[in-house]
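This briefing goes through one protein model with a bound ligand. Please have the sequence and the structure open while reading.

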Amino acid sequence: MNRIPHYINGKRIDSSLRTAPVFDPATGTQSAEVVLASAADVADAVQAARAALPGWRATGLIRRADVFFRLRHLLTERRDELAAIITAEHGKVLDDAAGEIARGIENVEFASGLTNLLKGEFSEQVSRGVDVHQVKQPVGVVGCVTPFNFPVMVPLWMVSSAIACGNTVVLKPSEKDPSAAVFLAELFSEAGLPDGVLNVVHGDQEAVEAIIDHDEVAAVSFVGSTPIAQTVYRRAADRGKRVQALGGAKNHMVVMPDADLDAAADAAVSAAYGSAGERCMAVSVLVAVGDIADELVGKVAERIATLRIGAGTDPNSEMGPLISAQARDRVAGYVAGAAAAGATVVVDGREARFDSAGYFIGVSLVDHVRPGMKVYDDEIFGPVLSVVRVGSYDEAVRLVNANEYGNGVALFTRDGKSAREFEFDIEVGMVGVNVPIPVPVGAYSFGGWKRSLFGDSHIYGPESVHFYTRSKVVTTRWPDASESQIHLGFPSNG
Ligand code: NAD
């Protein structure tokens, strides 16, 4: 059985006693086993990162930027190979895997501008003969913990900025699709990153806790489900660490009566069922405002009928399997529960048949959903779109704002005034207007509100520079010997 190793100090390391199986979701067969780090393995990785820190911190900014320019080239050159690795363990279609790599490359491009990003500030003559300047210095060793659903893009969100800012990193990717992280770390090495600057350890709760608890880890970036994000946030904060923990989502798409309903239906189908709904920015609730619901539901159902579901490696497939048998069964349970709770199952994904033992399920559309039903309240993370019917714009805003998550939201309308009001009123971190998945580009940061993010910094983009650096304020004076004197009073400005 192929074993997926850690990557520590520039070498593949296979020392762990515990392992976990890795599956091909399209066939349901085990393709590899991944080694699971103990606290001692994590300590080795942190030690490598700590040892590499002084050298990397002292590396000139232009030399650091060179690594990102080369990495960008390598990622572009080897995109197909990396996409195949993603599809083999995650299951998403190859096109979608290539799309995730493209978004990750944006983070590499952002990081390659580090000479600009790390500029400090200078104030001349704050007092007579006294200047003050501020510099941004790395925080130290950063622990990065990532989810299964974007095995390349989310690691790149974190490690690109952390490394650009002069930190060294221990990355703990999802144990469900771990190969891409090792491939990525090796590409960083090929791009010229010194050994020990980026280390990868695989593992589960034990590894994550060992990273958080290690005294030499200064900051923790986490992306995953809300309950784990909250636990990670508390544990790291309790140990006095800088922490950002991005959690789950329940993204609404509000469709106003004046919207182009065909465009809205296209967008709803794409955003709800793309990547089998396993995106933190997937639309999972369609909010139909006024009297458009019947027509909108009809248009969505029509489009669903033509969706092609199959192995991610098949160029004809538009949607692949779910990540695991448990995920598939969980999704099926929500559809069954919705019917029992009084919602109308318009399209039932459980009825779709596949001649494969992979983790496939068809897509579902559930109408007449209300808060209080589990299908509405929980993050399903699968291809299920719920429709909530509301009477007015105000009711739609109240519904979205009352939801515990606040990752993404979209509004479909032809009216600029409603769009402007929506932007002002809505309590969600990322808003799309006639855009179904409002994922910011690399030059903006990404993050939700409410229980979609614990901490105060969004991830990648400008806020990541703030998160991965500490500012130091330096006051300087170069007096002549004759100006020196003893003065016990508090310094006053001259
Ligand atoms: P998950 O929370 O199960 O796992 C995330 C990471 O935490 C993995 O590396 C996992 O090994 C580790 N982990 C699991 N259990 C742990 C525990 N008890 N203690 C410490 N660490 C633990 O999430 P997932 O299923 O891999 O990913 C899907 C989730 O991630 C969804 O909820 C999705 O919305 C969310 N997500 C959010 C964003 C965002 O930007 N907000 C982006 C992508 C995914």
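The points below cover the ligand site and then three single residues.

The model is predicted. In it, 27 residues surround the ligand, and the space that the ligand takes is the largest pocket. Two asparagines with positive phi and one buried serine are described after the site.

**Ligand shell**

- The closest residues to the ligand are Thr 146, Lys 172, Glu 175, Ser 225 and Glu 379.
- Sorted by class, the shell around the ligand holds 14 nonpolar residues, 10 polar residues and three charged residues.

**Polar contacts and cover of the ligand**

- Thr 146 places a backbone N or O atom 2.8 Å from an oxygen atom of the ligand.
- Lys 172 uses its side chain, with a polar atom 2.7 Å from a ligand oxygen atom.
- Gly 224 has a polar backbone atom at 3.3 Å from an oxygen atom of the ligand.
- On its own the ligand has 840 Å² of accessible area, and the protein covers 89% of that area.
- Helix H8 (205–213) and strand E11 (217–223) are the elements that give two or more residues to the shell around the ligand.

**Asparagines with positive phi**

- Asn 9 is not a glycine, yet its phi is positive, at about 55 degrees.
- The position of Asn 9 is the loop between strand E2 (6–8) and strand E3 (11–13).
- Asn 9 counts as partly exposed because its relative accessibility is 32%, which falls between the 20% limit for buried and the 50% limit for exposed.
- Asn 434 is a residue other than glycine that also has a positive phi, near 60 degrees.
- The loop that holds Asn 434 runs between strand E20 (430–433) and strand E21 (449–450).
- With a relative accessibility of 39%, Asn 434 likewise counts as partly exposed.

**A buried serine**

- Ser 364 belongs to strand E16, which spans residues 364–367.
- The relative accessible area of Ser 364 is 1%, so Ser 364 is buried, the cut-off for buried being under 20%.
- From Ser 364, the side chain reaches the backbone nitrogen of Gly 349 at 2.8 Å.

Technical notes
Residues numbered from 1 in each chain as written. Predicted model: local features only at pLDDT ≥ 70, side-chain atom pairs only at ≥ 80, totals over all residues. Heavy atoms only, no water. Near = heavy atom within 4 Å. Polar contact = N/O pair within 3.5 Å; in protein donor to acceptor, adjacent residues only side chain to side chain. Areas by Shrake-Rupley, 256 points an atom, 1.4 Å probe, with all protein chains shown as cover. 1 Å grid on protein atoms, 1.4 Å probe; cavity = no way out; pocket = protein on both sides within 12 Å on 5 of 7 lines; lining within 4 Å. Sits in = over half its atoms within 2 Å of the grid points. Helix = DSSP H or I, 4+ residues; strand = E, 2+ residues; numbered from the N terminus. Nonpolar A, V, L, I, M, F, W, Y, C, P; charged D, E, K, R; others polar. Buried < 20%, exposed > 50% of the residue type's maximum accessible area, 1.4 Å probe, protein only.
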